[in-house]
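Here is a walk through one protein chain, from its surface to its cores and helices. Have the model open while you read.

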Amino acid sequence: MAGVAQAQELVYLVTGGCGFLGAHVVQMLLQREPRLRELRVFDLHLSPWLEELKTGPVQVTVIQGDVTQAHEVEAAVAGAHVVIHTAGLVDVFGRSSPKTMHEVNVQGTKNVIEACVQTGTRFLVYTSSMEVVGPNTKGHPFYRGNEDTEYESVHSHPYPCSKALAERLVLEANGRKAMWLGCMFWQPGSWSPESS
């Protein structure tokens, strides 16, 4: 039984953890991450189903917060080993103002990146959008591409523009050194409580 206790040593944070994608990520982590010690769910609007998660074997910490507020994001990120950033404002119909879209999707992502750098969190998973890929200016299909695939696309609406900008921020931040001097490199099976 001591092996199970020692295996539970990772802290994950899911921003937007009550949204459609975030809620699925939360459930998946609780079911499939055996090293999970604490799961932090950060969202502007909390869901009632979170209460039932607090009775399980993993510590679930519910944090009501706003990704546009840097101090709230940094407080939530502090001490996390992995941040999965799913928070975002999805609006393909143009009902939200471009300013709000930019604040949530671009500035919010910038706040998450900076919080990771300032607190020493080395692993950030960003969830982008298929809207970033298209539409293609020539009508060409997009098959099995990645971030480096050349593809001429035009973004004229606030949502895909904001997601494209946020994605660029994440890609540019890849490899930035964390500011916290005590941070360490982690890969599956390489981290233990004794090394911290």
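How much accessible surface does the chain have, and what share of it belongs to carbon and sulfur atoms? The surface comes to about 11700 Å², and 55% of that belongs to carbon and sulfur. Areas here come from the Shrake-Rupley method with a 1.4 Å probe, and for residues only the protein chains shown count as cover.

Some ground rules. This is a predicted model, where local features need pLDDT of at least 70, side-chain atom pairs count only at pLDDT 80 or more, and totals for chains, interfaces and linings use all residues. Residues are numbered from 1 along each chain as its sequence is written, and side-chain values use heavy atoms, with hydrogens and water left out.

**Overall layout**

The chain has six helices and five strands (DSSP runs, H or I of at least four residues for helices and E of at least two for strands, numbered from the N terminus). Reading from the N terminus, the order is α-β-α-β-α-β-α-β-α-β-α. Of the 196 residues, 38% are buried (under 20% relative accessible area; exposed is over 50%, partly exposed in between, with a 1.4 Å probe and protein chains only). Take the contacts with a separation of 6 or more: 66% of them join residues 24 or more positions apart (contact means heavy atoms within 4.5 Å).

**The cores**

The largest nonpolar core has 16 residues (such a core is a set of buried Ala, Val, Leu, Ile, Met, Phe, Trp, Tyr and Cys residues joined through side-chain atoms within 4.5 Å). Tyr12, Val14, Leu29, Leu39, Val41 and Ile84 have the most contacts inside it. At least two of its residues come from each of β1 (10-15), α2 (20-32), β2 (36-43), α3 (50-53) and β4 (82-85). Another core, of 14 residues, lies apart from that one and includes Leu13, Ala87, Val112 and Cys116.

Val14 is a good residue to click on. Beyond its neighbours within four places in sequence, its contacts include Val25, Leu29, Leu39, Val41 and Ile84, along with Gly22 and Thr86.

**Salt bridges**

A search of the whole structure turns up four salt bridges (a side-chain nitrogen of Lys or Arg within 4 Å of a carboxyl oxygen of Asp or Glu). Three of the pairs are tabulated below.

| Pair | Closest N to O |
|---|---|
| Arg35 and Glu33 | 2.8 Å |
| Arg40 and Glu38 | 3.1 Å |
| Lys54 and Glu51 | 3.3 Å |

How buried or exposed is Arg40? Arg40 is buried, at 10% relative accessible area, and its partner Glu38 is buried too, at 8%. For the Arg35 pair, Arg35 counts as partly exposed because its relative accessibility is 22%, whereas Glu33 is buried at 9%. Lys54 is partly exposed at 41%.

**Two helices**

α5 has 22 residues and reaches 30 Å from first C-alpha to last, close to the 32 Å expected (1.5 Å times one less than the number of residues). Look for a bend of about 30° at Gln107 (the angle between axes fitted to the seven residues ending there and the seven starting there). Just after α5, Gly120 takes a positive phi of about 85°.

α6 (residues 158-173) has 16 residues and an expected span of 22 Å, which agrees with the 22 Å between its end C-alpha atoms. Its buried residues include Tyr159, Lys163, Ala166 and Val170, and their cover includes α5 (98-119) and β5 (123-126). Just after α6, Gly175 has a positive phi of about 95°.
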